[in-house]
Amino acid sequence: MFNSKIASFAKCVPENIVTNNDLEKLVDTSDEWIFSRTGIKERRISVSENTSEICAGAAKKAIDAAKLMPEEVELIITATISGDYYIPSVSCIVQKIIGAKNAMAFDINAACSGFIFALSAADKFIKTGTFKNALVIGGEVLSKFVDWDDRGTCVLFGDGAGACVIKRGNGRGIIAEDLHSDGEKGESLMSSYIPVDNPFCESTEETFKFIKMGGREIFNFATRKVPASINEVIKKSALSFDDIKYIVPHQANSRIVEIIAKKLKLPMNKFFMNMDKYGNTSGASIPIALSEMSEKGLIKENDKIIVTGFGGGLTWGSALIEL
Ligand code: COA
């Protein structure tokens, strides 16, 4: 087995800012309602770039910061549920844009837990010696799948991408992880049903494109599963919360984070939050947060952090990482 080390973080978000006040003009809502229930003030909404383009933007910055040439990149994994096409994958398009012509590239669909699942897979490719480096991306243009007439969902989501490079090195990478799925509850968060449709069937099924969500169900699921998952990685690592510099949760809702903190009896300043600026960017939210923390000097080499996420599938999980 080899050791792994995260070498860089980067992000790329669309320039267009849509505030809560802007949404008041689209649906019957208010800045007060949105902010008090979610902690979101504004989000980035793409007006031209598709998912692969913003993912490539984050990827280029991450490989530059890790001092890698594009042709040295050996693996690209993108966590996304809003790719440009079914085929090719976002990772393959990113490979083309950045010129990583020697990489193996594929996507992971695990919704808002996607970045953690992707990082977990990449860490294993490095630790088993299959590859010496990997580019892990989380990127979404969720605005394509948002029903802009549905005030219950359109106020929540945003577009953006974040990336990191993980390399063979003298660190520990992921020290402990706790990853789960529960397909039984998949219907509480769905988008884009594609029915069977061919000349040999009489398809009567209705298709739908936009995100459908049981908000309360997801809220209860997240506040139940995430604290248990964070406790599990602490237990598996044999570390204590005092050893952890930050917990970086999926940026869905500040109230969810407050309940998680309360259940774990931890102060809110142990948790990083930036959903006020970006909304819920699904698989991109954790790498965008990590990139911003790195830019602000909040995290540095050798720090131990916990990333934790939950979302469609249903999926959830945590990873305790040494930077
Ligand atoms: N503006 C104003 N009112 C709104 C609104 C909006 N944007 N969205 C919903 N409402 C209304 C509802 O219609 C409802 O009105 P009614 O009582 O007259 O029927 C009322 O507000 C309460 O709705 P409810 O859905 O019960 O609100 P809530 O307190 O559960 O908050 C969420 C809604 C979506 C903010 C909350 O459930 C949540 O954050 N869930 C988790 C979602 C999530 O994180 N999803 C992503 C997972 S990765």
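Biologist: How many nonpolar, polar and charged residues are in the lining of the largest pocket?

Modeller: Keep in mind that this is a predicted model. The largest pocket has a volume of about 800 Å³, and 34 residues line it. I81, S82, N109, S191 and S192 are the ones nearest its centre. Sorted by class, the lining comes to 17 nonpolar, 13 polar and 4 charged residues.

Biologist: And the second largest pocket, which element gives the most to its lining?

Modeller: That pocket holds about 540 Å³ of space, and its lining has 24 residues, split into 12 nonpolar, 8 polar and 4 charged. The elements that give two or more residues to this lining are α2 (31–38), α6 (151–154), α7 (215–237), α8 (254–264) and β12 (304–311). With 5 residues, the one that gives the most is α7.

Biologist: Which residues lie nearest the centre of the second largest pocket?

Modeller: We can pick them out of the 24 residues that line the pocket. Nearest the centre are M213, G215, R216, F219 and N253.

Biologist: There's a ligand here too. Which residues come nearest to the ligand?

Modeller: The ligand has 22 residues around it. G215, R216 and N253 are also among the residues nearest the centre of the second largest pocket. In full, those nearest the ligand are T29, R151, G215, R216 and N253.

Biologist: How far is a nitrogen atom of the ligand from an N or O atom in the side chain of T29?

Modeller: Let's go through a few contacts. R151 uses its backbone, with an N or O atom 2.9 Å from a ligand nitrogen. R216 has a polar side-chain atom 2.8 Å from an oxygen atom of the ligand. For T29, an N or O atom of the side chain is separated from a ligand nitrogen by 2.7 Å.

Biologist: Let's switch to cysteines. How many disulfides does the structure hold?

Modeller: Take C55, which is buried with a relative accessible area of 0%. Its closest cysteine sulfur is in C12, and because the two sulfurs are 8.6 Å apart, that is too far for a bond. C164 is buried at 0% as well, and its closest cysteine sulfur, in C55, is 13 Å away, so that is also too far for a bond. The number of disulfides is 0.

Biologist: In which loop does P88 lie, the residue joined to I87 by a cis peptide bond?

Modeller: The bond between I87 and P88 is cis, with omega about 0 degrees. On the chain, P88 comes after one strand and before a helix. Its loop is the one between β4 (75–79) and α4 (90–98).

Biologist: What is omega for the cis peptide bond that joins G313 and L314?

Modeller: L314 sits in the loop between β12 and β13 (315–322). The peptide bond joining G313 to L314 is cis, and its omega is about -10 degrees.

Biologist: Is K265 buried or exposed?

Modeller: K265 lies in the loop between α8 and α9 (275–278), and its phi is near 55 degrees, a positive value in a residue other than glycine. The relative accessible area of K265 is 75%, and because the cut-off for that label is over 50%, K265 is exposed.

Biologist: What is phi of N302 near?

Modeller: N302 is in the loop between α10 (285–295) and β12. With a relative accessible area of 48%, N302 is partly exposed. It isn't a glycine, yet its phi is positive, near 80 degrees.

Biologist: How far apart in space are D197 and D64?

Modeller: D197 is in the loop between β9 (189–190) and β10 (212–213), where it is exposed with a relative accessible area of 66%. Along the sequence, D197 and D64 are 133 residues apart. In space, C-alpha to C-alpha, they are separated by 45 Å.

Biologist: One more. How far is the backbone oxygen of E49 from a polar atom of the side chain of S46?

Modeller: S46 is in the loop between β3 (42–44) and α3 (51–65), and it is buried, with a relative accessible area of 14%. A polar atom of its side chain lies 3.4 Å from the backbone nitrogen of S48. For the backbone oxygen of E49, the distance to a polar side-chain atom of S46 is 2.6 Å.

Notes
Residues are numbered from 1 along each chain as its sequence is written. This is a predicted model: local features need pLDDT of at least 70, side-chain atom pairs count only at pLDDT 80 or more; totals for chains, interfaces and linings use all residues. Side-chain values use heavy atoms; hydrogens and water are left out. On a 1 Å grid over the protein atoms alone, a cavity is a set of points where a 1.4 Å probe fits but cannot get out, and a pocket is an open set with protein on both sides within 12 Å along at least five of seven lines; lining residues have an atom within 4 Å of a point. Grid points are joined across faces, edges and corners, and a volume is the space filled by probe spheres set on the points. Ala, Val, Leu, Ile, Met, Phe, Trp, Tyr, Cys and Pro count as nonpolar, Asp, Glu, Lys and Arg as charged, and the others, Gly among them, as polar. Helices (H or I, at least four residues) and strands (E, at least two) are DSSP runs, numbered from the N terminus. A disulfide is a pair of cysteine sulfur atoms within 2.5 Å. Buried means under 20% relative accessible area, exposed over 50%, partly exposed in between (1.4 Å probe, protein chains only). A residue is near a molecule or strand if one of its heavy atoms lies within 4 Å of it. A polar contact is a pair of N or O atoms within 3.5 Å; within protein, one must be able to donate a hydrogen and the other to accept it, and residues adjacent in sequence count only if both atoms are side-chain atoms.
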